[in-house]
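User: I'm new to this structure and would love a close look at one part of it. Could you walk me through the helix that carries the nonpolar surface patch, and then show me how the interior compares?

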Amino acid sequence: MTRRNDRWIIPLLLAITAISVCVAVWALFFREPAAPDFPDYPPQQLEDNAVPIPDDGQDELEAPEGGGAVGLVYSNQVSVDLQGEQASLLFANPGKSTQDMMLQILVQDTVIASSGRLVPGKQIQRLPLLSGVSSQLSPGSYEGTFVVSYLNQDTGEKAILTTEIPVTITTG
C-alpha cells in the first residue's frame, strides 16, 4: 500500500526541479537589468541647465560633524515634450543646503532624465531626455519619481541617503 502512494513523489520532484531550472535561466539571461544608480564618486560636471535661485539669501543649515543638511524646493508636476526631447520641471537646491545634489527622473523604474551636480543656490527648470526615451513613451500621464542623490561638496562622495519623491509626469 505504501509503494502505490509513493509513485507520485518522483514525478513531482522532477517537475519542481525543471521549474527551478527554468526560473534560474530566466533570471540569469532574460530578465531586464535594474536601472543604473549614481556612482559613489560621480563626475564633477555641474548641471548645464542650472540657474541661480532668485532671492535665495538663506543662511546655511546646521549639520553634525561629518554629516550634511539639505533643503528641497520642487514641484510634483513634470511636463515632457516628446518631440523636443525635454522635461520641464522645478527642482531647486536652496542656498541653505550643505550638500550638492543630483536628480534622476524615473517613469516605471526607467530613468528618463538625469542631471549633473546641482550646487546650493541653483535650480533647474528643464532637463534633456536620455537618448531613446522619447520613443519609449506615449502621450499621456504617468506616475513617476524624482530620485535625489546627495554629494559631499568637498570630496564629491555620494551620501548613503537618497530621497524618492512621487511626481506626475505628463507627456505630449
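Analyst: Happy to, and please keep in mind that this is a predicted model. A good place to begin is Trp26, which sits in helix α2, spanning residues 9–29. Trp26 has a relative accessible area of 45%, so it counts as partly exposed, the class between under 20% and over 50%. Trp26 also belongs to a nonpolar surface patch, together with Ile19, Val21, Val23, Val25, Leu28, Phe29 and Phe30. Taken together, these residues have about 900 Å² of accessible area.

As background, in soluble globular proteins nonpolar side chains tend to be buried together.

Now for the interior. The largest nonpolar core has 26 residues, and those touching the most other members are Leu89, Phe91, Ile105, Ile112, Phe146 and Ile169. At least two residues of this core come from each of the strands β3 (77–81), β4 (86–93), β5 (99–107), β6 (110–114), β7 (122–128), β8 (140–152) and β9 (158–171). Phe91 makes a nice example: beyond its neighbours within four places in sequence, its contacts include Leu72, Tyr74, Met101, Leu103, Ile124, Phe146 and Val148.

One charged pair deserves a look as well. The structure holds one salt bridge, in which the side chains of Arg117 and Asp100 meet at 2.4 Å, N to O. Arg117 lies in the loop between β6 and β7, while Asp100 lies in strand β5, 17 residues apart. Both partners count as buried, because Arg117 has 3% relative accessibility and Asp100 has 4%.

Technical notes. Residues are numbered from 1 along each chain as its sequence is written. This is a predicted model: local features need pLDDT of at least 70, side-chain atom pairs count only at pLDDT 80 or more; totals for chains, interfaces and linings use all residues. Side-chain values use heavy atoms; hydrogens and water are left out. A nonpolar core is a set of buried Ala, Val, Leu, Ile, Met, Phe, Trp, Tyr and Cys residues joined through side-chain atoms within 4.5 Å. Buried means under 20% relative accessible area, exposed over 50%, partly exposed in between (1.4 Å probe, protein chains only). Helices (H or I, at least four residues) and strands (E, at least two) are DSSP runs, numbered from the N terminus. Contact means heavy atoms within 4.5 Å. Patches are made of residues with over 30% relative accessible area and no salt bridge: like charges are joined within 9 Å, nonpolar side chains (Val, Leu, Ile, Met, Phe, Trp, Tyr) within 5 Å. Accessible areas come from the Shrake-Rupley method with a 1.4 Å probe; for residues, only the protein chains shown count as cover. A salt bridge is a side-chain nitrogen of Lys or Arg within 4 Å of a carboxyl oxygen of Asp or Glu.
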